[in-house]
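Thanks for making the time this morning. I would like to walk through one model with you, and I will go region by region rather than from one end of the chain to the other.

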Amino acid sequence: MHDTLRELAVADPLRPGYHFTSPAGWLNDPNGTCQRDGVFHLFYQYNPESPQHRSIQWGHATSTDLVSWRDLPIALAPSEGPDAEGCWSGVLVDDGGRPVIVYSGHAEGRQTACLAYGDESLTSWTKEPGNPVLERPEGVDVTEFRDHAVWREGGSWRQIIGSGIRGEGGTAFLYSSDDLKEWSLIGPLAVGDADALPDDDPLWTGTMWECIDFFRLRPDGSTAAPDGESGETHVLIYSAWDDGRTMHPLAATGSYDGRALSIERTQRLDLGGRHAYAPQTFVDEAGRRILWSWMQEARSDAAMVEAGWSGAMALPRTLALDESGTIRQSPVAELEGARGARLAWSGGEKSAISRGTRAELAFEARIPEGSGVGVDLFASDDGSERTTLRLGRDAAGDVTIELDRSASSLGEGLDTRAHTGVVPGAGETVAVRAFLDGSSLEVFVDGIATTTRVYPTRDDADGIRVGARGGAAVANLEGWEMLDQEQPVRQMLPGASE
Ligand code: FRU
């Protein structure tokens, strides 16, 4: 990593301060997420040389509290062979005490499954000499073939790999193995229908499913690996992709018989779509299903190069399935550790005003039909820049969410589309939390997440205003400044040039 790249990145006021970012350069998907001996490990798709998606390595950082992070040396880097052009996404599994990374090698446009074996500290990795261990299935016209979910089932290993069947839709191929090296194909776990919806529909399933994940989830938040005999709700998470376009993460739920998932429902995982892309989950030592995802940028390539960095992780969130089958997310409780001073509020009963661009807000909103709550964030004094969250109630009684980005930035060439959706099953009152961090915004309304990126340009675009109209009421409004977590160890990474 170049020193100048790091200096540029640190100087950028739009860089998040309490979200995980790489030291500098490019970051995309979370990989190999796990907790071992109390320590959380976050690996990620990384290019320390520039904020561009090139020659991807596995960056590595650890944390004991999910708030402050320590950078460790690169875990995996391209070498001659099947990963010569990139060590792409994957997972970390425990093979009888031995840590093993299952990842996608990328070389000459070919994607294959590769293995690497780790030491106790997860810092030293040796690639399997027989890589690749698995190639795309023969006799099927697949669009792409990458990314992995691996688990134990009935005394052997199972794996799914993200893919797509040309002319049909996205898929995940299911395999079994006794030793992680020899894999036999069971078949497609499920196949999407790319023609069922137009490609601008938020539930469009794409022509390829990348970053797949598969597990059981219950209303009490407890979770387990898939089990083809349990009859419980299984969740398949994937990121819908199409010919180079990252669309959005979806969750398909249904029943799994050990060979195939029969999908009963597909839901959006985040109303911000591509802004919370490539999610990967793991079960921590307390039994929580924790999800990380990549908040990709929405500014131009040139702006990213100028900034010296690209990409941050969304806040880690726990998942639960409610009684109606909707997946709810809540930021992990540990994030309270990043809270600093309480925000000071001014204004009247119907409108509360504060300031901050690294902040958390929490309140309850009562929204009878015909009323609404509006929250301006990253707002300049003259109102020319602002991002507005609007909550309302539709005729069916559902609470509606609109995140209006039309005035988020005076900058050019930015995506200004609003994020919209509903909160299924909302009662009279909903619980709202919002997390602002430089250029990122995550809103949770009764556990329905909306994640987005905004790029205010004005120095005074730090206004916060919470208002209610037409019979709506805001109660228990609280806010905190969030503390910038300066990474304690940002070391020069091996293999990096000056
Ligand atoms: C998703 C993705 C994965 C791939 C990785 C490459 O963002 O395209 O499918 O493994 O990124 O960095």
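Let me start with residues 351–480, a span that contains 0% helix and 58% strand, with its end C-alpha atoms lying 18 Å apart. I should say straight away that this is a predicted model, and please keep that in mind for everything that follows. In UniProt, an unreviewed entry lists residues 351–480 as "domain: Glycosyl hydrolase family 32 C-terminal". The unreviewed entry also lists residues 19–331, under the name "domain: Glycosyl hydrolase family 32 N-terminal". Over residues 19–331 the chain is 2% helix and 56% strand, and here the end C-alpha atoms are 12 Å apart.

Now to the domain assignment, which divides the protein chain into domain 1, residues 3–333, and domain 2, residues 341–482. The C-alpha centres of domain 1 and domain 2 lie 29 Å apart, and the contact between them takes 28 residues from domain 1 and 26 residues from domain 2. Which strand gives the most to the side of domain 1 that touches domain 2? That is strand 23, residues 327–331, which gives 4 residues. By class, the side of domain 1 that touches domain 2 has 12 nonpolar, 9 polar and 7 charged residues.

Next, the sheets, of which I will show two. One is an open sheet of 5 strands in the order 4-3-2-1-20, with mixed pairing. Its edge strands are strand 4, residues 70–76, and strand 20, residues 309–310, each of which pairs on one side only. Strand 20 pairs with strand 1 in the parallel sense over 2 bridges, and within strand 20 it is Ser-310 that serves as the bridge partner of Trp-26.

The other is an open sheet of 4 strands in the order 5-6-7-8, and in this one the pairing is antiparallel. Strand 5, residues 87–95, and strand 8, residues 125–127, are the edge strands, each pairing on one side only, and the twist averages 30° from one strand to the next. If you look at the strand 8 edge, you will find 3 bridges joining strand 8 to strand 7, residues 110–118, with the two running antiparallel. Tyr-117 stands opposite Thr-126 of strand 8.

That brings me to the ligand. Which elements give two or more residues to the shell around the ligand? They are strand 1 (25–36), strand 5, strand 9 (142–153) and strand 13 (208–217). The residues around the ligand include Asn-28, Asp-29, Trp-88, Ser-89, Arg-146, Asp-147, Glu-210 and Cys-211, and Gln-45, Ile-56, Ser-104 and Ala-278 belong to that list as well. Sorted by class, the shell has 4 nonpolar, 4 polar and 4 charged residues.

Finally, two backbone details that you may wish to inspect for yourselves. The peptide bond from Asn-131 to Pro-132 is cis, with omega near 0°, and Pro-132 lies in the loop between strand 8 and strand 9. The second detail concerns Ser-55, whose phi is near 40°, a positive value in a residue other than glycine. Ser-55 is found in the loop between strand 2, residues 39–47, and strand 3, residues 57–63.

Methods:
Residues numbered from 1 in each chain as written. Predicted model: local features only at pLDDT ≥ 70, side-chain atom pairs only at ≥ 80, totals over all residues. Pairing = 2+ DSSP bridges. Axes fitted to C-alpha atoms, helices over the stretch in contact; angles between N-to-C directions. UniProt positions renumbered as here; feature names shortened; annotations may be inferred. Near = placed C-beta within 6 Å. Nonpolar A, V, L, I, M, F, W, Y, C, P; charged D, E, K, R; others polar. Domains from an automatic or database assignment. Contact = placed C-beta atoms within 7 Å.
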